[in-house]
Amino acid sequence: MKYSAEVEAMCPLAKGAYHGPAPIPQEGKWTQVKEIKDISGLTHGIGWCAPQQGTCKLTLNIKEGIIQEALVETIGCSGMTHSAAMASEILVGKTILEALNTDLVCDAINTAMRELFLQIVYGRSQTAFSEDGLPIGAGLEDLGKGLRSQVGTTYATLKKGPRYLELAEGYITKCAVDNDGQIIGYKFVHLGKMMEMITKGMDANEAYEKASGQYGRVDDAAKLIDPRHE
């Protein structure tokens with residue numbers, strides 16, 4: 001290590017007390033994080049690309065600095081889905097610092113990694129006050145039955161008004177409308193559940209019926225409309 005002549009000419013002075021870094025909450029403990037292996041927790045990060053065409057939600061479960069579980073959810077960009085497939089392979093097994101400095105193929109995923117890194121190293125993880133954190137597999141449980149992301153897709157024009165296309169319950173098949181033309185409910189099919197039943201051998205029509213449901217005042221509707229074609 002090289003020092004300038006000015007520094008070399010200085011007389012040494014003793015450093016005062018060293019208290020270490022401020023402790024952060026991690027998995028039910030207060031931890032003084034000094035090395036990457038001191039980091040543990042499960043949390044999320046949200047990222048976006050420069051043109052803001054798409055966004056990514058990244059969930060990582062980290063144990064002793066190593067990423068053990070990764071959930072990559074994307075929306076708005078077709079290319080990003082392929083990037084997410086590669087990112088899920090890239091992330092696991094790396095330290096959180098390695099992942100921060102790795103090209104995760106898509107800017108939105110890279111940004112999500114940056115935001116997640118900030119959350120976890122500042123002690124803002126979802127599991128900050130959960131004793132021993134969450135087991136590996138907790139990220140997958142975020143998806144619920146059918147293992148599909150929570151997606152909301154709605155569309156509207158000034159001339160024709162709103163259309164509900166997909167909400168947390170599932171793919172919207174019909175919008176329930178009252179006499180004033182206002183949406184008062186909807187019918188939906190949970191695609192994840194439907195595909196699970198089909199892959200187990202159930203007839204597709206029967207699976208469709210079993211995975212279907214409704215929300216709101218559908219029974220009071222003046223009419224039901226197809227949100228994609230009416």
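**Exercise 1. Helix packing**

At roughly what angle do the axes of helix α2 and helix α4 cross, and within what distance do they come? Then classify the crossing and sort the residues of the contact by character.

*Solution.* The structure is a predicted model.

Step 1. Take helix α2 as residues 78-91 and helix α4 as residues 107-121. Their axes come within 9 Å and cross at roughly 45°.

Step 2. Classify the angle. Values under 35 degrees count as roughly parallel, and 65 to 115 as roughly perpendicular. The crossing therefore makes α2 oblique to α4.

Step 3. List the residues. From α2 come M80, S83, A84, A87 and L91. They meet A108, I109 and M113 in α4.

Step 4. Sort them. The contact of α2 with α4 has 7 nonpolar residues, 1 polar and no charged.

**Exercise 2. The nonpolar cores**

Find which members of the largest nonpolar core touch the most other members, and which element supplies its largest share.

*Solution.*

Step 1. The largest nonpolar core has 23 residues. C56, L58, L60, I62, L91, I109 and M113 touch the most other members.

Step 2. Assign the core to elements. At least two residues come from each of β4, β5, α2, α3 (96-100) and α4. Helix α4 gives the largest share, 7 residues.

Step 3. Inspect one member. Beyond four places in sequence, L58 touches T43, H44, G45, L71, V72, L91, I109, A112, M113 and L116.

Step 4. Look for a further core. Another one, of 7 residues, lies apart from the largest. Its members include I172, C175, V177 and F188.

Step 5. Set this against a general trend. In soluble globular proteins, nonpolar side chains tend to be buried together.

**Exercise 3. Salt bridges across the sequence**

How many salt bridges does the structure hold? Work through the pairs of K63, E73 and R148, giving distance, location and burial.

*Solution.*

Step 1. The structure holds 6 salt bridges. The cut-off is a nitrogen-to-oxygen distance within 4 Å.

Step 2. Take K63 and E27. Their closest N and O atoms are 3.0 Å apart. K63 sits in strand β4 (residues 55-63), and E27 in the loop between β1 (24-26) and β2 (29-31). The pair links distant parts of the chain, 36 residues apart. E27 has 9% relative accessibility, so it counts as buried.

Step 3. Take E73 and K57. Here the closest N and O atoms are 3.7 Å apart. E73 is in strand β5 (residues 66-75), K57 in strand β4, 16 residues apart. E73 is buried at 13% relative accessibility. K57, at 28%, is partly exposed.

Step 4. Take R148 and E166. Their side chains meet at 2.9 Å, N to O. R148 lies in the loop between α5 (138-141) and β6 (153-157), and E166 in strand β7 (residues 161-167), so the bridge ties together parts 18 residues apart in sequence. R148 is partly exposed at 32% relative accessibility. E166 is buried at 15%.

**Exercise 4. Two loop residues**

Are S125 and V218 buried or exposed? Identify what each one contacts.

*Solution.*

Step 1. Place S125. This residue is in the loop between α4 and α5. Its relative accessible area is 8%, so S125 is buried.

Step 2. List its contacts. Leaving aside neighbours within four places in sequence, S125 is in contact with G41, L42, T43, Q119 and I120.

Step 3. Place V218. This residue lies in the loop between β10 (212-216) and β11 (223-225). With a relative accessible area of 6%, V218 is buried.

Step 4. List its contacts. Not counting residues up to four places away, V218 touches A176, G185, Y186, K187 and L224. The C-alpha atoms of V218 and K187 are 7.5 Å apart, across 31 residues of chain.

**Exercise 5. Helix α6 and helix α1**

Which residues of helix α6 are buried? Contrast them with E8.

*Solution.*

Step 1. In α6 (residues 191-199), the buried residues are G192, M194 and M197.

Step 2. Find their cover. It includes β9 (183-189) and α7 (204-210).

Step 3. Check what follows. After α6 comes G201, with a positive phi near 105°.

Step 4. Turn to E8 in helix α1 (residues 5-8). At 54% relative accessibility, E8 is exposed. The C-alpha atoms of E8 and G54 are separated by 53 Å, with the two residues 46 apart along the chain.

Note on methods
Residues are numbered from 1 along each chain as its sequence is written. This is a predicted model: local features need pLDDT of at least 70, side-chain atom pairs count only at pLDDT 80 or more; totals for chains, interfaces and linings use all residues. Side-chain values use heavy atoms; hydrogens and water are left out. Helices (H or I, at least four residues) and strands (E, at least two) are DSSP runs, numbered from the N terminus. Buried means under 20% relative accessible area, exposed over 50%, partly exposed in between (1.4 Å probe, protein chains only). Axes are lines fitted to C-alpha atoms, for helices over the stretch in contact, and angles run from 0 to 180 degrees between N-to-C directions. Angles under 35 degrees count as roughly parallel, over 145 as roughly antiparallel, 65 to 115 as roughly perpendicular and the rest as oblique. Contact means heavy atoms within 4.5 Å. Ala, Val, Leu, Ile, Met, Phe, Trp, Tyr, Cys and Pro count as nonpolar, Asp, Glu, Lys and Arg as charged, and the others, Gly among them, as polar. A nonpolar core is a set of buried Ala, Val, Leu, Ile, Met, Phe, Trp, Tyr and Cys residues joined through side-chain atoms within 4.5 Å.
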